Amino acid sequence: MRKVSARLGVVAVVLVGIGLLIGGNYALSGREAASGGGLYAAVYQIGPDGNTLLERIPLSEDGGHRIISVKGPLGVTHVEVDGARVHVHDSPCPDQVCVAFGWLSAADDFSACLPNGVLVVVERPDGPVDGIVQ
Amino acid sequence: MKQITFTNGWRRKMAIVRRMTLTEQLAVAMLVAVATGLHMIERLLPPLPFPGAKLGLANLATLIALRYLGFWPGVGVSVVRSVLGGLMGGSLMGPGFWMGFAGATSSAVVMGLGAKTRWFRQSNVGLSVAGAVTHSTAQVMVAVYLTHHAGLWIYLPVLLGLSMLTGVFIGIVCDKVAAILPYAVWFGRKANA
C-alpha cells in the first residue's frame with residue numbers, strides 16, 4: 001500500500017511537471033498571437049546599480065534589418081533586429097544562454113547575457129514597466 | 001585505527017558539527033571529487049532544449065552525502081563542488097557562478113532539512129524534486145536581482161516544470177546508486193585486503 005502511494009506521488013509530480021512545462025511554454029508562445037503589434041525591442045546594458053537603455057527599436061513586419069553592437073566587459077555582443085523579431089546573434093560569453101533563447105517577438109519576451117551585461121526585452125508601447133510589475 | 005579527539009564530554013555533545021571519523025572524512029572528500037567530476041561532465045553534454053536549464057547530475061553526490069553523512073557534509077559537498085566547478089570552468093565570481101552557487105547551496109539546505117523529517121525516508125525522489133525546485137527558484141531569483149528586470153519571473157513556470165522532471169530522474173538514479181552502494185563498499189574492502 002505504501003509503495004503504491006509513493007509511486008502515485010512520483011507519477012503526480014511527473015504529470016504536474018509536464019503540465020507546467022507545456023502550460024508555461026504555451027503561455028509564453030500564446031502571447032505572440034495576442035499582441036498585435038506596436039512592440040519595441042529594448043536593449044539594455046546591465047550595470048551594478050541599474051540598467052541603462054541603449055536602444056529602443058519599433059518591431060514591425062516591414063521594419064528593416066539592423067544589428068546593434070553592445071560593448072560589455074567580455075567583448076562585443078551583437079543584437080540582431082529583423083523585422084518584427086529580435087535575437088542575440090552572438091556574444092562572447094561562455095555559456096551562450098542568451099543565444100539559446102532564440103528569436104523574441106512577443107511582449108515581455110527576454111534574452112539576457114549576464115556575463116556580458118546585455119539584456120534584450122520586447123516591450124509594450126506604454127513604457128519599460130512590464131506587465132508583471134503593474 | 002583510533003580517532004584522536006580534541007574535545008570530549010559535554011563539549012563534544014554540544015558541538016553543532018559532529019566530529020567525523022576518518023572513513024566519513026574520506027567519503028566526503030570522494031563525494032566532492034565525484035560531484036566536481038559530474039559538474040564538469042555535465043558541461044560537455046548537449047544542452048537541454050530550454051536555455052539555462054541543466055540536468056543536475058552533480059546533485060547525485062549531494063543527495064548521497066546528505067543521506068549517509070548528514071546535513072553539514074551534504075551542504076559542504078554542494079558548496080565546495082560549485083566553487084571548484086567555477087574554478088575549473090573559469091566562471092568563478094561571475095554571474096553564472098553566483099546563480100549556480102545560490103541554487104546549489106539553497107537546494108542542499110532544503111534537501112538537508114527534508115532528510116531530517118520522516119517523509120522522505122522511503123526514497124530519494126521526493127528530496128531530489130524538492131531540491132531541484134528550490135534550485136531553479138533561487139536561480140531565477142538571483143537572475144532577477146542581477147539584471148534588475150522582474151520580467152524574468154515569467155520564465156519560472158517552465159523551469160519549475162523541467163526541474164520537476166529532472167528531479168524525478170535524478171532521484172530515481174540516486175535510488176539505484178544507493179541500492180548498489182553497499183556492494184561497492186564491500187568490493188572496495190575486498191580489493192584493499
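**Salt bridges and an interface**

Reader: Is Arg56(A) buried or partly exposed?
Author: Arg56(A) has a relative accessibility of 29%. Buried means under 20% relative accessible area, exposed over 50%, and partly exposed in between (1.4 Å probe, protein chains only). At 29%, Arg56(A) therefore counts as partly exposed.

Reader: Which atoms do the side-chain values use?
Author: This is a predicted model, in which local features need pLDDT of at least 70, side-chain atom pairs count only at pLDDT 80 or more, and totals for chains, interfaces and linings use all residues. Residues are numbered from 1 along each chain as its sequence is written, chains are lettered from A and ligands numbered from 1 in the order in which they are written, and side-chain values leave out hydrogens and water and use heavy atoms.

Reader: How far apart in sequence are the parts that Arg56(A) and Glu123(A) tie together?
Author: The two side chains meet in a salt bridge at 2.8 Å, N to O; the rule asks for a side-chain nitrogen of Lys or Arg within 4 Å of a carboxyl oxygen of Asp or Glu. Glu123(A), at 3% relative accessibility, counts as buried. Arg56(A) lies in strand β2 (residues 51-59) and Glu123(A) in strand β7, both of chain A, so the pair ties together parts separated in sequence by 67 residues. Strands are DSSP runs of E, at least two residues, and helices runs of H or I, at least four, numbered from the N terminus.

Reader: Which residue does Glu42(B) meet in a salt bridge?
Author: Glu42(B) lies in helix α2 of chain B, and its partner is in the loop between α2 and α3, so the pair ties together parts 12 residues apart in sequence. Glu42(B) is buried at 8% relative accessibility. At 3.8 Å, N to O, the partner of Glu42(B) is Lys54(B).

Reader: How far apart are the end C-alpha atoms of α2(B)?
Author: The expected span of a helix is 1.5 Å times one less than its number of residues. For the 23 residues of α2(B) (residues 22-44) that gives 33 Å, which agrees with the distance between the end C-alpha atoms, 34 Å.

Reader: How many salt bridges does the rule find across the interface of chain A and chain B?
Author: Chain A and chain B bury about 2,500 Å² between them, 81% of it on carbon and sulfur atoms. Buried area is the accessible area (1.4 Å probe) that two parts lose on being put together, summed over both. Over all chains the count of salt bridges is five. Across this interface the number is zero.
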